[in-house]
Amino acid sequence: MARRITTTRRITVTAAGWLVGFLIFFPILWMVLTSFKTELDAFSTPPQFLFFHWTTENYAIVQTRSDYVHHAMNSIILALGSTLVCLVVGIPAAWSMAFAPTERTRQTLLWMLSTKMMPAVGVLIPIYLLFRDTGLLDTHVGLIFIEFMANLPIVIWMLYTYFKEIPKDILEAARMDGATIGKELVFVLAPMAVPGIASTVLLNIILAWNEAFWTLNLTTVSAAPLTAFIASYSSPEGLFWAKLSAASTLAIAPILVLGWFSQKQLVRGLTFGAVK
Amino acid sequence: MATRQTHILGRILVAPSIVLLFLWMIVPLGMTIWFSLLRYSLLDPGSESFVGLLNYQYFLTDPAFFTALANTLVLVGAVLAITVVGGVLIALLMDQPIFGRGIVRLMVIAPFFVMPTVSALVWKNLLMHPVSGLFAWVSKLFGLTPVDWFTDYPLLAIILIVSWQWLPFATLILLTALQSFDEEQKEAAQMDGTPPLAFFFLMILPHLARAITVVILIETIFLLSVFAEILVTTGGGPGLATTNIAFLVYAQALLQYDIGGASAGGIVAVVLANIVAIFLVRLVGKNLDA
Amino acid sequence: MRIVLGALLGAASMLAVGQAYAAEKLTIATVNNGDMVRMQTLTDDFKAKNPDIDLEWVTLEENVLRQKVTTDIATKGGQFDVLTIGTYEVPIWAKKGWLVPLDHLGADYDTADLLPPIRDGLSLDGKLYAAPFYGESSMVMYRKDLFEKAGLTMPDSPTWDFIAEAAKKITDKPGEVYGICLRGKAGWGENMAFLTAMSNSFGARWFDEQWKPQFDQPEWKDTLSFYVNLMKEAGPPGASSNGFNENLALFNSGKCGMWIDATVAASFVTNPKDSKVADKVGFALAPNKGLGKNANWLWAWSLAVPAGSKKTEAAEKFIAWATSKGYLDLVASKEGWANVPPGTRASLYANPEYQKAAPFAKMTLDSINSADPTHPTVKPVPYTGVQFVAIPEFQGLGTTVGQLFSAALAGKSTVDEALASAQQVTTREMTKAGYIK
């Protein structure tokens, strides 16, 4: 990794990077700040940036009003569960489409994506009836299934794209060396696929985490994730921006931590590529 | 190149996905098509009767239909343009040796973590509100009249909010793709003194082509069904300025509880989405092979 | 697959058997408004009195709640034992036989104490199908200090002309004070709640006796032009996307001279924790045009039991507890009289302690009593409901018409265009739904 990077260049890109990052992040930062304000300060003009009366009462209210841990656990189960199933089913499919494509692969891929084109509101009633009759309403299994089906096309697409980036000649070489498909997968493909899989996992978890239509409409209590937690703070009769900000901050906190780790994973993937 | 054995194995590996997705598609689709031919109000169960294509006739002749169609296309097109161009630029920047790169990347990805209804509420009330919003305050600092976003540029306001949500997605995918770009090639180009612009257009952009295609196709799917942001900010108004097809279907399904009409709307939306997808694939699909 | 299903069913039935011995669990769907949230925190009192009943809360924002509850009850999903619904749903659902009539609320419940307009709105053929948890009408909230400065006196029952004149006088656009804040965001429960109630006072109506839409009549033109002109001259920027909460924020930060909206807002605008103008607010009846109707609406969030529920008895016990006089006393003893859910019982308004704690009590009561859901308009109509038309099609219709009217407010179309389109879409939808033969 011996790269010659001038200090000026580093400073320039650092400044530019932080500026862009800050601008994009600003609405969230503003939301987090708002969560520490009183409802009255939340919409005061001129806006107050740092020198307002800091309070944690919004968090205290959220704490006493709803069971954050219960909802967060459900979100985690749902996001991880559906992602896991997606990977188990999706990796083999994407692998074979990327490395052993047939003349129908492209059509298949497009068809898979087209299963997502039905607007969810349009099929709510059919799905609700099916869930009612199979007893899946308000269950983890039912929700994981829905999120799995909803995200599988995306997962296959993303994995397929990343797998396609892996140079074929490496595989050819491995095959020449007499590697079996199993070995090919574990020793050659896997390390190179790590960044792609990592970003797929991250995106899939986020999609499942934020999916607010099915998770709201198919749950009541036992399987209700953080989307339901949020929906109990948005738009009541009365001022709610500070409390909603607090609830949202709590809802994105776990996934922010996850984002931190997975973006490290992305960087590690990069070094793999460079070392090879 | 691939052996017969791998072909068979390939089929076996793809099979579960195909079977599951097929069932997932065909069962609700079948039910929806059937419902779309009925007069079926959820609030009046037991009165279902077969009406043929009447629901389609009403949905397609809805005075709001063509405006909604146009709004849908503008919304999707604009958000795609913003996120792809912005995503490429930001991904390139994030790929640079920034000090504290991890944190900056996390900040850039973060908007994707916020639930759509929450980001819409935050943008509408805390940022874009013409009296108490932050943007209004900033423009007053510069002595300008605050922009009244949801009255004067309602669709643009929605586009900005949705773009903000999807920019991280594009950035993340493009950044990942960028990282598989050969370091040696980069260095070689730098040593040759290839001008940066030429390097970008001749080397980087072609390398990102497939990732861009994926971003476009996947985002399109999600953007075609945006309605939560519209519901909480403008309720589809003023007039039809922010009504899109998904919002029309929403109104049929969850305001009117007209399942027949909503199903017909859903089928129309599927057909339209497929047309858009075919068009997009014609446009960018060649990047998928090779 | 079948084995798995069998095992699942077996496990489920065992759970069900297990539950019969344990406490009965009620799942209660409710809105996330302050009074309901408070009820949730007082659950312990109910459990102390009914140790064999467990409560499980599903608290959601109004839109989400409505779509969930409606989907569930219409498909007989059976997910909820107690529903929180409004005066719009109750008559429609009761007619469908989806709700259990509340006959067993107990001897000391005192149904006669419920305010008549609210009780009527929740009854069908003399039977109560939902018990009101809190009720609201709408009224004028105004800034006494600004009125004084402008040399104006607000009458108890102002006319629209006075409101318009006062709004223009108070408006100070450079100083960011707007004479009047009104709802503008499109939606059947947003701008159309206000505009429908307003149109009643102008003598307009949604439909004539043959269900023919009336937007082509002069009364609607008067209503809408008056509203648009008033807001243009004295309203805040961005009015076409302001709903209840946006206006509340504006009023509480001192930017509105007047605000006509739900009576529950009174407790927010007079709460010094949430409002900069808490000690400067006065109240008046919603305006009129001298035609015998005021521009106020009527709404009550109410508790009901879905038909087919197996826990009817426990559910009624809970409803009786939450809407009783005893509950009002309980809230008063724990949180003070000002926080008692308003607008349901005559006895509350006769209580001197409540009158003292809530300066808006009398105006709220007068507003509620002046609304008549069974005869909402000057001319006869085939429907009930003050700020809505109690037919299933209204949510969709109201939202579409609301979009058209918000366009007129935003200046994207003229009043005439908006009304012509409203007439056209309403006729179309009513024909499709089979009202117009």
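In chain C, the C-alpha centres of domain 1 and domain 2 lie 29 Å apart. That is a handy place to start in this predicted model. The domain assignment builds domain 1 of chain C from residues 23-136 and 299-357, and domain 2 of chain C from residues 138-297 and 388-432. Where the two domains meet, each gives eight residues to the contact. On the domain 1 side of that contact, six residues are nonpolar, one is polar and one is charged.

Let us stay with chain C and look at it as a whole. Chain C holds 19 helices and ten strands. Its radius of gyration is 23 Å, close to the 22 Å that the globule rule gives for 437 residues, so chain C is as compact as a globular protein of that length. If you lay the C-alpha trace of chain C along its principal axes, it spans about 70 × 55 × 40 Å. Of the 437 residues in this chain, 57% count as buried. Among the contacts in chain C with a separation of 6 or more, 74% come from residues 24 or more positions apart.

A single glycine gives a closer view of the same chain. C:G184 sits in the loop that links β7 (178-181) to α9 (191-201) of chain C. Is this loop residue buried or exposed? C:G184 has 33 other C-beta atoms within 10 Å, and it is buried because the cut-off is 20 or more. Beyond its neighbours within four places in sequence, C:G184 is in contact with C:N191, C:A239, C:S240, C:S241, C:N242, C:S406 and C:L409. You can also find C:M231 from here: 47 residues along the chain separate it from C:G184, while their C-alpha atoms are 9.5 Å apart.

Now turn to chain A, beginning with its annotated spans. An unreviewed UniProt entry places the feature "transmembrane region" at residues 12-33, 76-97, 109-131, 143-163, 184-207, 213-233 and 240-261 of chain A. In the model, residues 12-33 of chain A are 100% helix and 0% strand, with the end C-alpha atoms 29 Å apart. Residues 109-131 of chain A are 78% helix and 0% strand, and here the end C-alpha atoms lie 28 Å apart. Another helix of this chain, α8 (residues 168-176), is hardly covered: zero of its nine residues are buried. Just after α8(A), A:G178 adopts a positive phi of about 85°.

Chain B has a list of its own. UniProt, again in an unreviewed entry, gives "transmembrane region" for residues 12-37, 64-91, 103-123, 155-178, 199-224, 230-250 and 262-284 of chain B. The span 12-37 of chain B is 96% helix and 0% strand, and its end C-alpha atoms are 38 Å apart. For residues 262-284 of chain B, the figures are 100% helix, 0% strand and 32 Å between the end C-alpha atoms.

How do the chains meet? The contact between chains A and B takes 87 residues from chain A and 89 residues from chain B. On the chain A side, the elements that give two or more residues are α1 (7-34), α4 (68-99), α5 (105-114), α6 (120-134), α7 (140-165), α9 (181-210), α11 (226-231) and α12 (241-275). Of these, α1(A) gives the most, with 16 residues. This side of chain A has 57 nonpolar, 23 polar and seven charged residues.

Chain A also touches chain C, with 28 residues of chain A in contact with 30 residues of chain C. Here the elements of chain A that give two or more residues are α2 (39-42), α6, α10 (214-217) and α11. Which of them gives the most? It is α6(A), with four residues. By class, the chain A side facing chain C has 14 nonpolar, nine polar and five charged residues.

Finally, look at the packing inside. The largest nonpolar core has 322 residues, and those with the most contacts inside it are A:A94, A:L159, B:L174, C:V82, C:M141 and C:M258. The largest share of this core, 16 residues, comes from α7(A). Both domain 1 and domain 2 of chain C give residues to this core, so it lies between them. As for B:L174, its contacts beyond the neighbours within four places in sequence are B:G87, B:V88, B:A91, B:L208, B:A211 and B:V215.

Definitions and conventions: Residues are numbered from 1 along each chain as its sequence is written. Chains are lettered from A and ligands numbered from 1 in the order in which they are written. This is a predicted model: local features need pLDDT of at least 70, side-chain atom pairs count only at pLDDT 80 or more; totals for chains, interfaces and linings use all residues. Two residues are in contact if their C-beta atoms, placed from the backbone, lie within 7 Å. Ala, Val, Leu, Ile, Met, Phe, Trp, Tyr, Cys and Pro count as nonpolar, Asp, Glu, Lys and Arg as charged, and the others, Gly among them, as polar. Domain bounds come from an automatic or database domain assignment. UniProt positions are given in the numbering used here, feature names are shortened, and annotations may be inferred rather than shown by experiment. The radius of gyration is taken over C-alpha atoms; the globule rule is 2.2 Å times the number of residues to the power 0.38. A residue is buried if 20 or more other C-beta atoms lie within 10 Å of its own, exposed if 12 or fewer, and partly exposed in between; C-beta atoms are placed from the backbone. A nonpolar core is a set of buried Ala, Val, Leu, Ile, Met, Phe, Trp, Tyr and Cys residues joined through C-beta atoms within 7 Å.
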